[in-house]
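Reader: Hey, I'm new to this one. Could you walk me through it?

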Amino acid sequence: MALFKKRTVGKPGEWFYCLEHKKVEEGPECPAKDRFGPYTSREEAQHAMDTARERNLEWENDPKWHDRTGEAPDERP
């Protein structure tokens, strides 16, 4: 008997965005490494890539992240 069961069906109302198939799915159909979520609505999951893009821009422009002047994050030792 397995100690851990693989959860194949999500809870009703959980929405995910699959990065591999580029589609919205209710419940986790694809592996966790290939999806964003859970989201509370289908519409929110449909905009997952927009949300990620906006958060990345905010993070990249955060003055706390760029604490050394003139250096990009990937140029640090």
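Author: Sure. One term before we start: contact here means heavy atoms within 4.5 Å. Also, this is a predicted model.

Reader: Okay, so what does Asp34 touch, not counting residues up to four places away in sequence?

Author: Asp34 touches Tyr17, Cys18, Leu19 and Glu20.

Reader: And where is the place of Asp34?

Author: Asp34 is in the loop between β2 (23-26) and β3 (35-39). Its side chain also has a polar contact of 3.4 Å with the side chain of Lys33.

Reader: Is Asp34 buried or exposed?

Author: Asp34 counts as buried, because its relative accessible area is 12% and the cut-off for buried is under 20%.

Reader: Switching topic: what order do the strands of the sheet have?

Author: The order is β2-β1-β3, in an open sheet of three strands with antiparallel pairing. β2 and β3 are at the edges with a single partner strand each, so one side of each has no neighbour in the sheet. On average, neighbouring strands are turned by 25° against each other, direction ignored.

Reader: How many bridges join β1 and β3?

Author: Three bridges, with β1 covering residues 15-18. Trp15 is opposite Tyr39 in β3.

Reader: What lies across β1 and β3?

Author: That's helix α2, residues 48-60, which runs at about 100° to β3. Ala48 is in contact with Tyr17, Phe36 and Tyr39, leaving aside neighbours within four places in sequence.

Reader: Last one: which residues make up the largest nonpolar core?

Author: Six residues do: Trp15, Tyr17, Val24, Tyr39, Ala45 and Ala48.

Note on methods
Residues numbered from 1 in each chain as written. Predicted model: local features only at pLDDT ≥ 70, side-chain atom pairs only at ≥ 80, totals over all residues. Heavy atoms only, no water. Core = buried A, V, L, I, M, F, W, Y, C linked by side-chain atoms within 4.5 Å. Buried < 20%, exposed > 50% of the residue type's maximum accessible area, 1.4 Å probe, protein only. Helix = DSSP H or I, 4+ residues; strand = E, 2+ residues; numbered from the N terminus. Polar contact = N/O pair within 3.5 Å; in protein donor to acceptor, adjacent residues only side chain to side chain. Pairing = 2+ DSSP bridges. Axes fitted to C-alpha atoms, helices over the stretch in contact; angles between N-to-C directions.
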